[in-house]
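Subject: Structure handover

Dear colleague,

Here is the structure we discussed, for your files. My notes come after it.

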Amino acid sequence: MRLGDLLEGRFSTSFDEIEISGVTDNSAKVEKGTLFVCVKGGSFDGHTFAAEAIEKGAAAVVCERDLGLERQIIVGNSRKEYGNLCAKWFNHPERRLKLIGVTGTNGKTTMTKLIKDILTASGHRVGLIGTIQNEIGDRVVPTGNTTPPAYEFMQLLKEMSLSGCDSVVMEVSSFALSQYRIGPSKFRVAVFTNLTQDHLDYHGDMENYYLAKKKLFSLCDKAIVNIDDEYGRRLLDEINCEKYSYSIKNTADFYADNISVSDNSISYDFCFGGERVPVTAGMTGNFNVSNTLAAVAACRNIAIPMEKITTALADYNGVRGRCEVIPTGRDFTVICDYAHTPDALENVLSSLRETKKGRLICLFGCGGNRDRTKRPLMAAAAAKYCDRLIVTSDNPRDEIPSEIIKDILAGLEGTKVPYDTIEDRREAIAFALKNAEKNDIIVLAGKGHEDYQEIAGRVHLHFDEREVVAEELAKI
């Protein structure tokens, strides 16, 4: 592709006619004819490699300052420009697909899966991009990020388009929005779920975290916003696109009435524009009432008939690692959930407390090399609803597990809930199972869909809690 064509008129150079054989921001992938984009990351600044990239055969470099090179293109924001270049390199697949985006701290995975299932049941071929996995129709594609980096993202959209997908439902992370991973993508509908403390090791504070999420709503035609969340109420006031509120507590553009929650199902009346439609789904918890409400609202705003929506929801049984019941064959219940923020943990535990017949026991830890300030908050959230806690490890990474646990325990000062600390997560699960009593609910929080642990620099040590539970029960 000609450089001039790749730049699409945003910049003009004296070397527009040179042929470009590839686009990358990865210094290790530079080859003859590559357009190298100098992006500054947390530990590496591509500008320091620019001259070497030319020596390796790069056709030109995109940079943010004058590097004194013969073939350089100076731009205001090279990371943003990289997203634009990747989109053009793959012939703008984002323009050929109906994009539905979901952002927020909690609920993204459940909501995107809900929307995908509803669209599929309505006759659409749908792509999904998210935390657990990517999907092209019914084909699963492994993922390493909630939202892939710009090149991989556009490549995935192109593959989805070529496979016949007409729609893509995706989790849009704050990292992706801050780093312009989605390039020039525009969304038919965008949903805001909530905002609670997470990723402050990256964003610094809640204001920056909020502003990152807010960017999505300058890229969409319609917004569906949760006004049960304080940041949602603020967002609704600050955005200028066509916008709708949703709530499970108050009257809104879309709201839930006559809510009923059991240990394995939810039902309510979906209310909008004076209409009232009964909805049921095989999930539990008020948080899933909110998730389904938003999913229905999003589908309504892309003209999916209500009867198609309610039929799809009635057949829905949840997402792997999201309030997932692990079979035990015993007289107690084990639930696996991805909750790894104080708010997510509180949502799950508060809902389970309403239906429990025995004790509610929560086993959890906190990730290493991540926001330390949420660790005591996690403990306080768990102590608020549980009869017993087991504090353990959850991806300690390069940190010492005992030090992470010490941070967590600070949140239990002044509480009366009994707790045990067992550093090894397998041993902690075994302990919980051995001491379970009739009608107890044991919540294994934090891992969810993950089937690995990250310990002492070793990434993806196999650890699937479903397998661990089965193996430890076999020993009892």
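The notes below go from the overall fold to one cavity, one helix and two backbone angles.

This is a predicted model, in which local features need pLDDT of at least 70 and side-chain atom pairs count only at pLDDT 80 or more, while totals for chains, interfaces and linings use all residues. Residues are numbered from 1 along each chain as its sequence is written, and side-chain values use heavy atoms, with hydrogens and water left out.

Overall, the protein has 16 helices and 23 strands, taken as DSSP runs (H or I, at least four residues, for helices; E, at least two, for strands) and numbered from the N terminus. The radius of gyration is 24 Å, which agrees with the value near 23 Å for a compact globule of 476 residues; it is taken over C-alpha atoms, and the globule rule is 2.2 Å times the number of residues to the power 0.38. Along the principal axes, the C-alpha atoms fill a box of roughly 75 × 55 × 40 Å. Of the 476 residues, 56% are buried (under 20% relative accessible area, against over 50% for exposed and in between for partly exposed; 1.4 Å probe, protein chains only).

The count comes to one cavity of 30 Å³ or more. A cavity here is a set of points, on a 1 Å grid over the protein atoms alone, where a 1.4 Å probe fits but cannot get out; lining residues have an atom within 4 Å of a point. Points are joined across faces, edges and corners, and the volume is the space filled by probe spheres set on them. The largest cavity has a volume of about 50 Å³. Its lining consists of Arg-359, Ile-361, Arg-388, Ile-390, Phe-431, Ala-432, Asn-435 and Ala-436. Strand S19 (388-391) and helix H15 (425-434) each supply at least two of these residues.

S19 also appears in the cover of helix H13: the buried residues of H13 are covered by elements including helix H12 (342-355), strand S18 (360-364), S19 and helix H14 (401-409), where contact means heavy atoms within 4.5 Å. The buried residues of H13 (residues 375-385) are Arg-375, Met-378, Ala-379, Ala-381, Ala-382, Ala-383 and Tyr-385.

Most residues other than glycine have a negative phi. Glu-8 has a positive phi, near 55 degrees, and lies in the loop between helix H1 (3-7) and strand S1 (22-24). Glu-8 is partly exposed, at 31% relative accessible area. Asn-258 also has a positive phi near 55 degrees, but is found in strand S13 (residues 254-261) and is exposed, at 52%.

Regards

Terms used:
On a 1 Å grid over the protein atoms alone, a cavity is a set of points where a 1.4 Å probe fits but cannot get out, and a pocket is an open set with protein on both sides within 12 Å along at least five of seven lines; lining residues have an atom within 4 Å of a point.
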